[in-house]
Structures are given as structure tokens and as C-alpha cells.
Amino acid sequence: MNAPLIKRPFDVEAIRAEFPILSRQVHSRPLAYLDSAASAQKPEAVIEAMAAAMRGSFANVHRGLHTLANETTGAFEAARAAVAGLLGAPSPEQIVFTKGGTQAINIVANGIEIASGDEIVLSVMEHHSNIVPWHFLRERKGAVLRWLDIDDDGGIDLEALDALIGPRTKMVAITHMSNVLGAKTPAAEIVRIAHAKGVPVLLDGCQAAVHGRVDVGALDVDFYAFTGHKLYGPTGIGALYGKAERLAALRPFEGGGEMIDIVEQGRVTYNAPPHRFEAGTPPILEAIGLKAAIDWLNTQDRAAIEAHEAALRDAAMAALGELNWVRLHGRAVDKGAIVSFSIDGAHPHDVAQILDRQGVAIRAGHHCAQPLMQRLGVTATARASFALYNRLDEIDTLVEALHKARKLLS
Ligand SMILES: Cc1ncc(COP(=O)(O)O)c(C=O)c1O
């Protein structure tokens, strides 16, 4: 949907030129931004689309009868169609705008019927966004969380998954790609196994939708959570995809304007999805920015981007793998451009701070995945994550900076 037929040939320098922030310096060094899994930088097209809307056509959506309201509503709904196109959703009506992936998962967890003793199946490598909303159900409704183990690389045992799904399972909620190990999960098989027992599946696609193409229709998944700021869009915008019948069966989570049909003193009825889940003024400018990001991405050759990111991942894994004082976490073959590692005798926070002095931005900590840290037997890792704008020579810069960090910390 909306994708132009002619794609621009992949040229990393040309792409970098479209991201103004990449030309800045940090501590008098050229910036090597290796933290895109936390949040990606924004191309000029996104910055300009949001500024142009504020300068030229802005009003609140859906409720106005004047020109600016109608124009903005059109732009907002066009953004919904762009997200539907990105995710392969059959209809824009199946896309609920949220403030991010976290809110998308909360809408599902708060919207399903749960009785004491009902079960939710999760993997141990989930982001807290796909853990804590289910913990709320455990605390508040007596739900039982059933945890699927992984192997050291983030691989999933499908037979073990099958065995965890029982008559009380109400949802399988699992990541489509780990934000720590980069491991991609076998989503289609997970869905098939869960559906064979009549259990719906929520995939956390906050990372997967950035590093590969997603087709929720082909996956047959029931819910898909997506966040915009990792896909070169602004913060404050994400989406929940749901099958029409699944969205229709969800109780609304937040109440307010626009999500209703009739409000009287003694009763309230609700609007149809997706508006039922979009209480209050939605993130309008952010949706416009997200559409610009998707349109921009659609002008690129996604296969070439995937090849470039795979080359970055392979080069980083090979370069760090040669250092016998670096321990790599997650060597899955089917892995996105995320490389987590530990350095013998050094805390990841110290490593990240020393790297920052050399212009290299990486992340260190538990990455909002404490159960995974516990499973790996570490308290934190360092993580370098790559995007389409990273250059191979930034891996040399990373390695050089790591050598310096080791010298300073040993
Ligand atoms: C796998 C995964 N799920 C969920 C989230 C939460 O996304 P957001 O903070 O945009 O809501 C993140 C963000 O780091 C993530 O990596």
C-alpha cells in the first residue's frame, strides 16, 4: 500500500545525509550511533512532515466541520492506512493508534476476559512491556504466568511451547524479535501451535517490524504490537494490530472522548474498533510523522536494507568474536542487527560511559528484560544495535573504543 514502484538504490552515505543528527559530534568525536534498538534517529522527511503539519494544516481530528479539521483527519487516517500497509493488515480499521508498543500490549492485557487460574504463556526473553501488563493480571485477577525457556541464543523449543499451552491458556504473548539477543522467533509456527489449541497469540513486533518485513495476515497472528520511534518515526506513536473479531471482543481500556457511541447519565455504549481504543485526542502529529517515516522507508529497497543490516551484524559478531575478553550473548543464525556482549571484569555501564567519551553510543543495562538477564546469569549486558544508516567502519570504531575501555578498566 502506498509503496512506489521504483526504489532508490541502497547508498549508505546518501541515507546518512538524510539524518541531520548523524553529522554531529559527541565529545569532539564523530558520532557512532549504535543504539537504534532503543530508539532510531529521524530522517529529514519525518522532521519536515511534522513541522509542515504544524505550519500549514493542523486541528483536532474527527470532530470538526472546518477545513483544517478535515485535512488533519485525512492525514491522520492516511497514517493509519500506511501502518496497515506496513504490517500487511487487511484493513486500516484493524490498526489502533497507541502511544507505543507498551500501550498496545496493555490494551490487550486489560481488554481480555481473565478469571483466577487462567494462564498466559510468555517467553523468558520478553521486554518488560510484554511482562508487566500480564503480571498485573496475575496480581489483580489471579492469572498464572507460564514461562517458556529459551536456549542461550534465544532459540525456542516448539515442543516445550506446545506442552505449556493448556485448557486454561488465554493468550500466548511472545516477542517476534528479542531486543537483547536479536533472535527472531518462529512466529508462524508459534501461531499454528497456539491456534491448534484455540489460543490467540500476541506478537511483540517492536523490534521485528524494524528489521524485517511483517505480514500479519500471512502470520495469521491475532494481535501485533508495534512502536514508531524505532522505525525512524517520532516518539509517542505506535500501533496495535488486531484481527477484527479479536478487537471487537476486547473491552476498552481507557475511557474518554471519541471512544464512545452514546453517553447518558445511566449508561455508556462504545464506538467500533479502532476508535473504541483511542480515548481522547490521539497523537496526531506523531501519526503524521510516522506516515512520513513509512513513506520514506517505502522509497528504499528493503531487501537491500536487510542485506546491509545483516552485513553489519555479521561484521560486528565476527569482530567482537575475535576478542577473547568479550563474551557474546546470542549467536542465533536468524538474528537481527543487535549484538549484546559482556567484557570480562568490567561493568557494562562503565564500558558504555568510556565508549561515549569516544563518540560511540551503545546501551548498557538489563534492557528492560530482567527475566532474560536472570536466565543468562548476568545482571546487565552491553548492547550495540544497528540501523540502515550505520557504516561498516563504525564497527572498527566500536572495537577500537572497546580496547581503550578494557585498558582503562583492567
Ligand atoms: C521488544 C520490545 N518490546 C517492547 C518495547 C517497548 O516499546 P515502547 O517503549 O516504544 O513502548 C521495546 C522497546 O525497547 C522493545 O524492544
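This talk walks through one predicted model, beginning with its sheet and ending with a few individual residues.

Good morning, colleagues. I shall start with the overall arrangement of the sheet. It is an open sheet of 7 strands, in the order β4-β10-β9-β8-β7-β5-β6, and the pairing is mixed. At its edges stand β4 and β6, the latter covering residues 144-148, and each of these two pairs on one side only. From one strand to the next, the twist averages 20°. As a general reminder, strands of a sheet pair through backbone hydrogen bonds, and they do so either parallel or antiparallel.

Let us now go along the sheet from the β4 side. Strand β4, residues 95-98, is joined to β10 by 4 bridges in the antiparallel sense. Within that pairing, Ile-95 has Tyr-241 of β10 as its bridge partner. Strand β9, residues 223-227, also pairs with β10 in the antiparallel sense, here over 5 bridges. In this case Ala-225 stands opposite Leu-240 of β10.

How many residues of strand β10 are buried? The count is 5 of the 5 residues, 238-242, so β10 is largely enclosed by the rest of the structure. Its side chains can be sorted by direction: Gly-238, Leu-240 and Gly-242 point one way, Ala-239 and Tyr-241 point the other way, and all are buried.

I turn next to strand β7, residues 169-175. Of its 7 residues, 5 are buried, so this strand too is largely enclosed by the rest of the structure. Strand β7 has a parallel partner in β8, residues 201-204, with 4 bridges between them. Ala-173 stands opposite Leu-202 of β8 in this pairing. To get from β7 to β8, the chain passes through helix α7, residues 187-196, and the resulting β-α-β crossover is right-handed.

Strand β7 is also joined to β5, residues 119-123, again running parallel and again with 4 bridges. There, Ile-120 stands opposite Met-171 of β7. Strand β5 in turn pairs with β6 in the parallel sense, over 5 bridges. The bridge partner of Ser-123 in that pairing is Leu-148 of β6. With β6 we arrive at an edge strand, and that completes the sheet.

Now to the ligand. Which residues lie closest to the ligand? There are 14 residues around it, and the closest are Gly-100, Gly-101, Thr-102, Asn-179 and Thr-227. Sorted by character, the shell around the ligand holds 12 polar residues, 1 nonpolar and 1 charged.

Outside the sheet, I would draw attention to helix α11, residues 284-298. This helix has 15 residues and reaches 21 Å from its first C-alpha to its last, close to the 21 Å expected at 1.5 Å a residue. Is α11 largely enclosed or exposed? Of its 15 residues, 13 are buried, so the helix is largely enclosed by the rest of the structure. In general, an α-helix has 3.6 residues a turn, so residues three or four places apart point the same way.

The loop between β12, residues 268-270, and α11 contains Pro-274. The peptide bond from Pro-273 to Pro-274 is cis, with omega near 5°.

Finally, I should like to consider three residues in other loops. Gly-198 is in the loop between α7 and β8. Gly-198 counts as exposed, because 9 C-beta neighbours lie inside 10 Å and the limit for that class is 12 or fewer.

Asp-220 belongs to the loop between α9, residues 216-219, and β9. Although Asp-220 is not a glycine, its phi is positive, at about 65°. With 14 C-beta neighbours inside 10 Å, Asp-220 counts as partly exposed. Gly-198 and Asp-220 are 22 residues apart along the chain, and their C-alpha atoms are separated by 13 Å.

The third residue is Tyr-232, in the loop between β9 and β10. Tyr-232 is likewise a residue other than glycine with a positive phi, in this case near 70°. Is Tyr-232 buried or exposed? Tyr-232 is buried, because 27 other C-beta atoms lie within 10 Å and 20 or more are required.

To close, I return to the sheet as a whole: 7 strands with mixed pairing, with β4 and β6 at the edges. Thank you for your attention.

Notes: Residues are numbered from 1 along each chain as its sequence is written. This is a predicted model: local features need pLDDT of at least 70, side-chain atom pairs count only at pLDDT 80 or more; totals for chains, interfaces and linings use all residues. Two strands pair if DSSP finds at least two bridges between them. A crossover is right-handed if, with the strands pointing away from the viewer, the path from the first strand over the helix to the second runs clockwise. A residue is near a molecule or strand if its C-beta atom, placed from the backbone, lies within 6 Å of it. Ala, Val, Leu, Ile, Met, Phe, Trp, Tyr, Cys and Pro count as nonpolar, Asp, Glu, Lys and Arg as charged, and the others, Gly among them, as polar. The expected span of a helix is 1.5 Å times one less than its number of residues. Axes are lines fitted to C-alpha atoms, for helices over the stretch in contact, and angles run from 0 to 180 degrees between N-to-C directions.
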